[in-house]
Amino acid sequence: MPAIAKRKPSPTSTKTEFMNFPSEMARGDSTPQKRKLRSDSSPMRAIPISTPMKWTSPRRSANASPNSPSIEIESTLSERRSKLEKPPVKNLLNSLMVKPNWNPKDPEQSRAVKEALHVSTAPSVVVCREDEQKRVLKFCKSCVEEERAGSLYVCGCPGTGKSLSMEKVKKQLVEWAQETGLEEPDVLAINCTSLTNTGDVFTKILGKDHQPRKRSSNSTSALQLLQNSYSQKPNSTGKKMMLIIADELDYLITKDRVVLHDLFMLTTLPFSRCVLIGIANAIDLADRFLPRLQSLNCKPTVITFRAYSKDQIIKILQERLMALPYTVFQPQALELCARKVAAASGDMRKALCVCRSAIDMLDAELRESSNHLNSSSAETFFEQQTLPQADCVKKPEIDVVRIDHMALALSKTFKSPVVDTIQSLPQHQQIILCSAVKLFRGGKKDSTVGELNKSYTDFCKSSLIPAVGIFELSSMCRVLNDQGLLKIGQSREEKFKRVTLKVDEADIIFALQGIRFFRNSLQ
């Protein structure tokens, strides 16, 4: 102990003692006693936790050790807070990492994964379409409860879950009728593409309707029987309601549009008990092909299914993969697929096709690597014995579909000669195509070079790029015409020449979405 007492204090300890001096004097402790207590192990270790933060000076707080208990507690709380603030999509993605990786060489697992991602596999739960399903189900319930006819038109782009949602609504309506004690409606689902003649739709409805009918091969007589039945009061009071779901309704469009018109007119007859749900891709089908219904105030209620967003595509893919007991995709790979498909079309069927193609890319890589593995098995065995930790890190990267597999599948699915041509164009010609896309988004099919020049000039001004004159623009339009991207008409003056976009808007967006400048401008 004397040796310790004679030892010269270091500058750090002197500084610490000086900073602790006021608090020590307040407690009435002497400096030697304090130093002795601080050298003790157990009694004083709990003091920094229980001591309020206000007794610590700002300078000491700034120079505090990162391993101090208060900082550890605060860092733990911030980590928990950051975990709670994660968006739902990321939480859903991270849930896959708990599962073990799948074995792509196992034929049973490979078959199960591809079956789960197949378009024909109906999921147990239809997610991201709850609002649309509620609206359709509410409409059907009101018709069944009030025993009145009605018509509904469901429209939207391909692959947006229209047919799948209607199947779900059909089951929910039957279950609801059973629970409430109401009489179950007859359900007739028709895919109009399977009809030999458009008029056969009335024969199918007549065959489902429980009434005495005459045998006749003429579809017009079936329509007449239905019209007569729904125009007269039925003799029996126990006549059931009928739910008719007509998918691919645009196949019933004829030159005179009489079949489509007569089908919807069945719901307007005084004693009709039909609830008709028509499904098609065209948003304005009711306005273009059923103008007489609008004049008779019988226009069907329209429910539109919007294209899937990136987050919705991720959620649907994860819902399909959730039933599998293993991890198949990297979360980043699924996000890349969702972003590309949502930007191009929002078609869920396309996203499923891309995921299945990415699995094929992984299979091809494994087959190629197995050939090299056979020639260097001894070296691989040595690495596995000496570097077990490195092997554990590499294995998940081999067993799951990575982002590079997904990129190859996307390029295989979406790449086309048109996309390659657009990507190889000079910048100003790409700007002209983007200007044409923005110009034709309002429903226009063609325009003039003068209007295209105005859209091009506005595009350049907003992007701070010097614009070329109208004659140079017209010359570049002729180059795009030669490449089959635009069609230029004939006129004496350049600005009055007609311009038509000859490629799909989705091809232009997909070709240029990798460039941030164009991606922000086309949103």
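Here are some exercises with worked solutions on the predicted model shown above.

**Exercise 1. Overall make-up**

Find how many helices and strands the protein has, and what share of its residues is buried.

*Solution.* Start with the secondary structure: the protein has 27 helices and 8 strands. Next, take the residues by accessibility: of the 523 residues in the protein, 37% are buried. Finally, look at the contacts between residues at least 6 apart in sequence: 74% of these join residues at least 24 apart.

**Exercise 2. The two sides of helix α25**

Work out how the buried and exposed residues are arranged on α25, and what the buried ones pack against.

*Solution.* Step one is the geometry of the helix. α25 covers residues 470-482, which is 13 residues. From its first C-alpha to its last it reaches 18 Å, close to the 18 Å expected at 1.5 Å a residue.

Step two is to list the buried residues of α25: L473, S474, M476, C477 and L480. Viewed down the helix axis, the buried residues of α25 fall within an arc of 165°, so they line one face of the helix. As for C477, it has a relative accessible area of 1% and is therefore buried, the cut-off being under 20%.

Step three is the opposite face. Turned away from the buried side of α25 are the exposed residues F471 and D482.

Step four is to find the partners: the buried residues of α25 pack against α23 (427-439), α24 (449-462) and β7 (486-488). Just after α25 comes G484, with a positive phi of about 80°.

**Exercise 3. Helix α8 and the loop that follows**

Sort the residues of α8 into buried and exposed, then describe P123 and C128 in the loop between α8 and α9.

*Solution.* Begin with α8 itself, where Q109, S110, V113 and A116 are buried. Down the axis of α8, these buried residues fall within an arc of 135°, so they line one face of the helix. On the other side of α8, P107 and E108 are exposed.

Now move into the loop between α8 (107-116) and α9 (130-146), where P123 has its place. The relative accessibility of P123 is 25%, so P123 counts as partly exposed. Setting aside neighbours within four places in sequence, P123 is in contact with L164 and R320. L164 is 41 residues from P123 along the chain, and their C-alpha atoms are separated by 8.9 Å.

C128 lies in the loop between α8 and α9 as well. With a relative accessible area of 13%, C128 is buried. Its backbone deserves a look too: phi of C128 is near 70°, a positive value in a residue other than glycine.

**Exercise 4. A second positive phi**

Locate E248, then give its phi and its exposure.

*Solution.* First, the background: most residues other than glycine have a negative phi. E248 has a positive phi of about 55° although it is not a glycine. Its location is the loop between β3 (242-247) and α13 (258-265). At 27% relative accessibility, E248 counts as partly exposed.

**Exercise 5. Cysteines and rings**

Count the disulfides and the aromatic pairs, and find which ring has the charged end of R129 over it.

*Solution.* The disulfide count is 0. Take C143 as a case: its nearest cysteine sulfur is that of C140, 6.6 Å away, and C143 is in no disulfide. The cut-off for a disulfide is a sulfur pair within 2.5 Å. C143 is also buried, at 0% relative accessibility.

For the rings, the test is whether centres lie within 6.5 Å; by this rule there are 0 aromatic pairs. There is still a ring to report: the charged end of R129 sits over the ring of Y308, 4.3 Å from its centre.

**Exercise 6. K310 and its contacts**

Identify the helix that holds K310 and the residues that K310 touches.

*Solution.* K310 is found in α16, residues 310-321. Its relative accessible area is 23%, so K310 is partly exposed. Not counting residues up to four places away in sequence, K310 touches E335, A338, R339 and A342. Among them, A338 is 28 residues from K310 along the chain, with 5.0 Å between their C-alpha atoms.

Key: Residues are numbered from 1 along each chain as its sequence is written. This is a predicted model: local features need pLDDT of at least 70, side-chain atom pairs count only at pLDDT 80 or more; totals for chains, interfaces and linings use all residues. Side-chain values use heavy atoms; hydrogens and water are left out. Rings of Phe, Tyr and Trp (its six-membered ring) pair if their centres lie within 6.5 Å; planes under 30 degrees apart count as stacked, over 60 as edge-to-face and the rest as tilted. A charge sits over a ring if NZ of Lys or CZ of Arg is within 6 Å of the ring centre and within 35 degrees of the ring normal. Helices (H or I, at least four residues) and strands (E, at least two) are DSSP runs, numbered from the N terminus. The expected span of a helix is 1.5 Å times one less than its number of residues. Buried means under 20% relative accessible area, exposed over 50%, partly exposed in between (1.4 Å probe, protein chains only). The arc is that of the directions from the helix axis to the C-beta atoms. Contact means heavy atoms within 4.5 Å.
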